[in-house]
Each structure stands twice: as structure tokens, then as C-alpha cells.
Amino acid sequence: MVAAPRRPRSPLFVALLALALLATDLAAPAVARAQDQVIPPGREGVARDLIADVGWMTPLEGGLQFTSIALDETTVRYTLARLPDGHPVGALVLAPRATALPFEPTSASFVLRTVRDAADPHADRALAAAAASVVARDQGGFYVALGSAVLRPGSDRPPLVPWWLWVVGACLAAAAAARALYVRRDQMHLQVRITHALPACIQLTLFGYWSLYWPPMGDQALSILVQLAYAIVLDMVLSFAVHKRWAIGFAPFPVVLSTNLFAQFSLGGVHFSLVIITLALLSKALLRRKGGGHIFNPSAFGLALFGLVNTFFPALGSGDYSHEFGATPNMTELIILLGLIVQLRVPVVLATLSAALVLVGFEHYEVRTFVPIFAPVALVLVLLITDPATLPRTNPGRVVFGVFVGLGMAAFDLWFEVHDLTDFWTKVTILPVANALSPLFDRLGQHLDRVTLGVLQPRFNRVHVALWVALAVFLLVDGKADYIDHFWQAREAMPFVQLDAAGRASCAVNPLYCEPFTLLQEARVWLSGTP
């Protein structure tokens with residue numbers, strides 16, 4: 001008598017069960033935290049009235065004017081521009097009061113944060129006057145309950161079970177059904193690949209560092225857990241549909257985590273993140289080359305397609321937290337250091353180096369576009385474009401790829417700016433095009449390899465990495481203070497920030513933020529608790 005084969009225990013099933021228990025445990029406090037986090041439709045007029053003491057589209061001292069009011073799911077942004085060219089010089093951003101950091105000014109409904117591109121007393125006075133108007137006119141009640149705004153219009157009672165918890169339950173049910181239907185046929189197996197686990201570990205490290213300086217990151221964790229549950233089940237469904245088998249592993253994790261490093265939506269708007277993830281995993285499963293590899297970097301594909309739609313329909317909410325991501329003292333430096341783990345293992349650094357050199361060339365000729373040392377741009381250059389599966393196969397091809405990406409990033413940025421469109425998504429818009437052209441870049445790279453006499457070959461990878469690190473260090477030493485001072489944002493409320501005699505958080509008194517590679521000093525500050 002032959003014993004029946006033993007059914008393997010699925011780590012995924014255990015993980016999803018733990019996820020469901022965690023979500024159930026967090027459901028009540030999460031709903032409580034999110035009760036006043038959503039802006040319902042029809043608040044545009046109220047938002048305009050909040051700055052009536054200053055006026056919208058009203059000429060102000062110094063040739064300034066508040067030219068636009070943008071509402072997404074949780075924030076209101078008043079953009080201050082200089083006439084007649086309409087160039088933005090600052091903004092007043094209102095967010096839910098519950099997200100206020102210590103010492104940040106608040107009103108009945110909001111925490112008020114000012115954004116300045118450069119020191120300008122006229123802009124400072126205009127932003128201060130607008131903030132005072134908001135404080136005076138805000139009577140509270142600007143936000144409504146997440147449940148009533150999203151699920152049950154017209155009711156202030158939140159749903160008994162949050163909708164996202166239904167998503168988790170559906171994911172568990174799908175996983176259990178798949179286990180029952182397929183495990184006896186040996187169509188499910190555990191497969192842990194370093195190419196999936198390593199990027200996930202790097203991304204989690206960045207999330208951990210970011211959370212030290214941006215408390216809302218903690219609330220975002222639940223949204224990410226929901227997305228992970230959804231991505232795992234979608235990966236399972238697509239694998240069975242396309243390949244008739246499913247390798248259980250970390251494959252969906254880098255897709256979800258990289259998506260949230262670039263753009264984030266809270267639980268009220270997590271369906272936008274699910275759309276991005278769906279596009280990403282569909283492209284990975286269905287759009288493949290003849291050799292079997294997927295054509296597009298999944299995260300870049302989902303972000304680029306959603307970003308194009310979002311650019312022309314900004315009411316969807318941009319998910320733009322790029323300035324918050326770049327507000328930490330050493331985010332760019334941390335990205336560079338973590339990138340070395342991959343770059344020293346796999347020869348992908350030439351794509352990063354060549355794209356960065358193109359952007360530096362634009363800066364040298366005073367063409368205003370992306371700066372490689374801005375943390376969100378460094379994230380794209382170091383971690384997003386260097387997916388080995390979608391890069392050209394040869395090092396010379398990767399150089400051509402990087403040049404194309406750098407030119408494309410700058411071109412999209414400049415074109416969108418000329419047409420008064422947000423440039424947030426232009427960092428990734430060009431990447432799917434570059435991925436699709438990878439075989440062409442390999443062919444072009446053959447000519448480049450003959451000209452360079454073989455110095456681009458993988459055996460010189462450590463030299464290429466050293467050149468990239470040297471360029472990054474030079475850019476940080478030469479321009480970090482000027483760049484941070486120019487795009488200072490609302491760092492007055494960040495940990496360990498000092499104010500100068502004028503009451504401004506300038507680089508002159510904040511070397512921790514403005515000098516490059518202050519990671520050791522930063523660690524000592526956190527351990528001691530004082531700057």
C-alpha cells in the first residue's frame with residue numbers, strides 16, 4: 001500500500017493568515033485614524049474661501065499671486081506664482097491635522113505647511129498671510145469619514161467592516177481555493193530567488209529610514225499590506241492562467257514596495273495603487289519576448305501608464321510624496337550605498353552612470369530639469385532603471401540605454417513644464433519605451449564597444465562602480481547645500497532641525513541635513529537625542 005503524498009504546507013497561506021489577523025487587529029484604530037482623512041467632492045469653493053483674506057488670482061506685493069488651488073484625497077495645495085511668467089515660487093499645503101508633527105502650525109481641520117523654492121520676503125509674507133487666513137476661517141469639518149466618503153455617501157457612520165478588509169478576506173479565500181485545487185497536482189512550489197528578496201530588503205530599509213522623519217509612513221504600512229495581499233493573489237492567478245503552475249516566493253514584493261516608494265495612496269485611495277500593481281503584474285505575465293523574458297520593468301510600466309492618465313486627470317490625486325521622501329538628511333546617500341550591493345554583483349551601473357551624466361550635462365548648460373542628487377531621481381537612476389531582466393544584455397547597450405533614459409527624462413520634464421503639467425510622473429514615463437528598445441540598444445552598443453576598445457566590458461565593473469560613486473560624491477559635495485537650500489520644503493518641523501536668526505531652517509545652521517554623507521553624525525544624534 002502506497003502512502004498518500006503529503007501535502008506541503010504553503011508559507012504563503014500562513015503569511016496571508018497572519019496578515020489577515022494583523023489587519024483585523026488594526027482595523028478599529030486604522031478606521032479611527034482615518035475618520036477625518038478624506039476630502040469629499042464639492043470642497044473646491046470652501047478651499048477658495050479659506051484664503052479669501054488674501055485672495056485667489058489677486059495681485060499681491062512683489063508681483064505675486066495665488067494662481068491655482070489643487071485638491072487631492074487628503075491635501076489642499078495653494079500655489080504662489082510670480083507674474084507675468086507664472087513661475088511658482090512657493091505653496092501653502094494643508095493636510096489633515098492628525099498628521100501634524102510637533103510645533104507645526106494647525107487650524108481646526110489642518111496642519112499648515114509652507115513650501116518655498118528660495119528665500120523671498122514677499123513670498124514669505126504672502127504665504128504667512130494665506131496661512132493666517134486659513135486659521136481664521138477654518139471652522140472645522142473640512143474632512144469627512146473615510147467610510148462615508150468612499151463607501152456610503154451621505155452617511156457619517158463608518159462601515160462595520162472596512163472595504164480593504166474585504167480585499168484581504170478575498171485574497172485569503174483565493175489562496176485557500178488555489179491550495180485545494182492545485183497542490184495535489186504539484187503545481188505549487190516554493191521558490192525564493194535572491195533577485196526578488198534582495199530588492200525587497202533594500203526597499204524595506206529605505207521605508208524604515210523614511211519613517212524616522214515622516215510619521216505618516218506608519219499609517220501607510222497598512223495600505224502596503226493590503227497591496228501585498230492583492231499582489232500575491234494576482235500573481236498566483238496569472239501564473240496559473242499563463243504557466244499552469246505557481247512558484248511561491250517574493251516576486252510581488254519588489255513590485256509593491258517600489259511602487260510605494262515612488263507614489264503612495266492612503267487606504268482611501270489604495271485602489272489607485274492596486275491599478276498600478278495590476279498593470280505591472282499583467283505586463284510581467286503577458287508582455288514577453290520570444291526568449292521568455294518580460295519586456296518591461298513591471299513597476300515602471302504600471303507607474304508610467306497610470307502617471308500618463310493622472311497627468312491629464314489630476315483630480316485622481318497624484319500620490320506625490322517626493323519632497324517628503326527627499327526631506328531626510330541622507331536619503332540620496334543611503335540609496336547610493338544600498339545600490340552598491342546590486343551594482344557590485346551585477347554589471348548594471350553603466351545605465352545609472354550614463355543617465356546621470358546626461359542630466360548633469362543639462363544642468364551644466366543651465367537647462368532646468370531633474371538633478372541626480374534629488375532623492376526621488378536617485379531612486380529611479382539607481383534602483384528602478386537597473387532591473388537586469390529588462391536592461392540590454394551587453395554593457396555597451398546599457399550605456400546607450402542610460403543615455404536614452406536621461407534624454408527622455410529631461411525631454412518629458414521640459415515638455416510637461418511648457419504645457420503647465422505636473423512633472424512628477426516624468427521621471428518614469430520614458431522607462432517602458434527604453435525597455436521595449438533594449439534589443440536595438442544592444443545592436444547600437446556593438447559600434448560603441450569598438451570605439452571604446454572594450455573598456456565597457458563587465459570585467460571592468462568595479463571601475464565603472466567607482467566612477468559612478470565618484471560622480472555622486474562630487475555632485476553631493478559640490479551642490480547638496482545649494483540644492484537643499486533651494487528646495488528646502490517644510491523642514492522646520494523635521495527632527496533635529498535648527499532655526500537661524502531669521503527664524504528659517506537654513507543650511508547654514510543645519511550641517512546634518514546639508515553636508516553630504518552625515519550618516520554617522522545622524523546616528524549619533526539619534527542616540528543622544530540632541531543635534
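User: Before anything else, what does contact mean here?

Analyst: Contact means that heavy atoms lie within 4.5 Å. The model under discussion is a predicted one. Among its contacts with a separation of 6 or more, 70% are between residues 24 or more positions apart.

User: How many helices and strands are there in the protein?

Analyst: The protein has 20 helices and six strands. It consists of 531 residues, and 52% of them count as buried.

User: And the accessible surface, what does it come to?

Analyst: It comes to about 24300 Å², with 65% belonging to carbon and sulfur atoms.

User: Let us go inside. Which residues have the most contacts inside the largest nonpolar core?

Analyst: They are Ile385, Leu431 and Trp468, in a core of 91 residues.

User: What does isoleucine 385 touch, leaving out residues up to four places away in sequence?

Analyst: Isoleucine 385 touches Ala351, Thr352, Ala355, Val380, Leu391, Phe401, Val405 and Leu431. There is also a second, separate core of 24 residues, which includes Ala47, Val76, Leu80 and Leu94. As a general background, nonpolar side chains in soluble globular proteins tend to be buried together.

User: What about helix H8, is it largely enclosed or open?

Analyst: Helix H8, residues 252–262, is largely enclosed by the rest of the structure, because ten of its eleven residues are buried. The buried residues include Pro252, Pro254, Leu257, Asn260 and Phe262.

User: Which helices do those buried residues pack against?

Analyst: They pack against helix H6 (194–213), helix H7 (216–243), helix H9 (270–286), H10, helix H11 (322–325) and H14.

User: H10 is on that list. Where does leucine 305 lie?

Analyst: Leucine 305 lies in helix H10. This residue is partly exposed, with a relative accessible area of 36%. Leu305 also helps to make a nonpolar surface patch of about 580 Å², together with Leu308, Val309, Phe312, Phe313 and Trp415.

User: Which helix gives the largest share of the nonpolar patch?

Analyst: Helix H10, residues 298–312, gives the largest share, with four residues.

User: Changing topic: how many salt bridges does the structure hold?

Analyst: The structure holds four salt bridges. One of them joins arginine 137 to aspartate 53, with the closest N and O atoms 2.9 Å apart. This pair links distant parts of the chain, 84 residues apart: arginine 137 is in helix H3 (residues 121–137), and aspartate 53 is in the loop between H2 and S1.

User: Why does arginine 137 count as partly exposed?

Analyst: Arginine 137 counts as partly exposed because its relative accessibility is 38%, and the partly exposed class lies between the cut-offs of 20% and 50%.

User: Does that loop hold anything else of interest? Where is the place of alanine 52?

Analyst: Alanine 52 is in the loop between helix H2 (44–50) and strand S1 (64–71). Its relative accessible area is 40%, so alanine 52 is partly exposed. Leaving aside neighbours within four places in sequence, alanine 52 is in contact with Ser133 and Arg137. The C-alpha atoms of alanine 52 and arginine 137 are separated by 8.6 Å, although the two residues are 85 residues apart along the chain.

User: And strand S1, how does it pair with strand S2?

Analyst: S1 and strand S2 (residues 76–82) pair in the antiparallel sense over seven bridges. The two strands form a hairpin with four residues between them. Within this pairing, leucine 64 has arginine 82 in S2 as its bridge partner.

User: Back to the charged pairs. What does glutamate 333 form a salt bridge with?

Analyst: Its partner is lysine 480, and the closest N and O atoms are 2.7 Å apart. Glutamate 333 lies in helix H12 (residues 331–343) and lysine 480 in helix H18 (residues 461–486), so the pair ties together parts that are 147 residues apart in sequence.

User: Are glutamate 333 and lysine 480 buried or exposed?

Analyst: Glutamate 333 is buried, and lysine 480 is buried as well.

User: Which side chain does arginine 368 meet in a salt bridge?

Analyst: Arginine 368 meets glutamate 417, at 3.2 Å from N to O. Arginine 368 is in the loop between helix H13 (349–364) and helix H14 (375–384), while glutamate 417 is in helix H15 (residues 395–418), 49 residues apart. Arginine 368 counts as partly exposed at 45% relative accessibility, and glutamate 417 counts as partly exposed at 36%.

Technical notes. Residues numbered from 1 in each chain as written. Predicted model: local features only at pLDDT ≥ 70, side-chain atom pairs only at ≥ 80, totals over all residues. Heavy atoms only, no water. Core = buried A, V, L, I, M, F, W, Y, C linked by side-chain atoms within 4.5 Å. Buried < 20%, exposed > 50% of the residue type's maximum accessible area, 1.4 Å probe, protein only. Patch = residues over 30% accessible without salt bridge, like charges linked within 9 Å, V, L, I, M, F, W, Y side chains within 5 Å. Areas by Shrake-Rupley, 256 points an atom, 1.4 Å probe, with all protein chains shown as cover. Pairing = 2+ DSSP bridges.
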